[in-house]
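Me: Please take a close look at the charged side chains in this model. I want to know what each one meets, and where.

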Amino acid sequence: MTLAIVPLTPLERGQLHVIRLRALRNAIVLLVAAGAAEWFVPNLPMPGLFLAPVILLALWMVVLAPPRRWRRWGYAFTGTELHVEHGLFTRVHTIVPVLRVQHIDVQQDVLERLFKVATLVLHTAGTDDNVVILPGVARATAEAIRDTIRERIGSAAHD
């Protein structure tokens, strides 16, 4: 059995900024810890022993990694299925049949509101991987998908 190829929509560009700012927050924590280690550890063999590698890691986390992570996400909503694909080394393509959805949320944290994106969270029937998360979609798109799924679930319950 072969799967039909579904063209995927990339995440909103605002999600790239959300990823980058979250990485910056994490990088600042690492930089503060490395700076504290430099300050409090006596007799280091050379200055920057802790800080130099952490600065390189922070640059990678904030500048190089976010665009790669952002490009590795895509989704498609066919009306009967939601396709979500992500991953760099291991590509994961999840297909959620609408009729398997039990609960659906649209979430936005402060950064997502700032960049006008939202996260769609689907809770499905089953035990393994019963939560599917789709970050970085426009709020209106997330709400439209949510409303369509809710409508189809409601009409299926009455059949």
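Reply: Start with Arg13 and Trp70. The charged end of Arg13 sits over the ring of Trp70, at 5.2 Å from the ring centre. The model is predicted, so side-chain atom pairs count only at pLDDT 80 or more. Ring-on-ring contacts give nothing to add: a search of the whole structure finds 0 aromatic pairs.

Now the salt bridges. Side chains of opposite charge can pair when their charged atoms come close. The search of the whole structure returns 6 salt bridges.

Take Glu112 and Arg22. Their side chains meet in a salt bridge, with 3.9 Å from N to O. The cut-off for such a pair is 4 Å, so this contact falls within it. Glu112 lies in helix H3, residues 110-114, while Arg22 belongs to helix H1, residues 13-40; the pair therefore ties together parts that are 90 residues apart in sequence. The two ends differ in exposure. Glu112 has 4% relative accessibility and counts as buried. Arg22 has 25% and counts as partly exposed. Buried means under 20% here, so the two residues fall on opposite sides of that limit. The contact is also part of a wider set: Arg22, Asp109 and Glu112 are linked in a network of salt bridges.

Next, Asp147. Its relative accessible area is 31%, which makes Asp147 partly exposed. Asp147 forms a salt bridge with Arg146, where the closest N and O atoms are 3.1 Å apart. Asp147 also forms a salt bridge with Arg150, and there the closest N and O atoms are 2.7 Å apart. Asp147 and Arg150 both lie in helix H4, residues 139-158. They are 3 residues apart, about one turn of the helix.

Last, the sheet, for the backbone setting. Strands of a sheet pair through backbone hydrogen bonds, either parallel or antiparallel. In this model, 3 strands form an open sheet in the order S5-S6-S7, and the pairing is antiparallel. Strand S5 (101-107) and strand S7 (131-137) stand at the edges. Each has a single partner strand, so one side of each is left without a neighbour in the sheet. From one strand to the next, the twist averages 15°. Strand S6 covers residues 118-124 and is joined to S5 by 6 bridges. One contact pins down the register: Val101 has Thr124 in S6 as its bridge partner.

Terms used: Residues numbered from 1 in each chain as written. Predicted model: local features only at pLDDT ≥ 70, side-chain atom pairs only at ≥ 80, totals over all residues. Heavy atoms only, no water. Phe/Tyr/Trp six-rings, centres within 6.5 Å; stacked < 30°, edge-to-face > 60°. Lys NZ or Arg CZ within 6 Å of the ring centre and 35° of its normal. Helix = DSSP H or I, 4+ residues; strand = E, 2+ residues; numbered from the N terminus. Buried < 20%, exposed > 50% of the residue type's maximum accessible area, 1.4 Å probe, protein only. Pairing = 2+ DSSP bridges. Axes fitted to C-alpha atoms, helices over the stretch in contact; angles between N-to-C directions.
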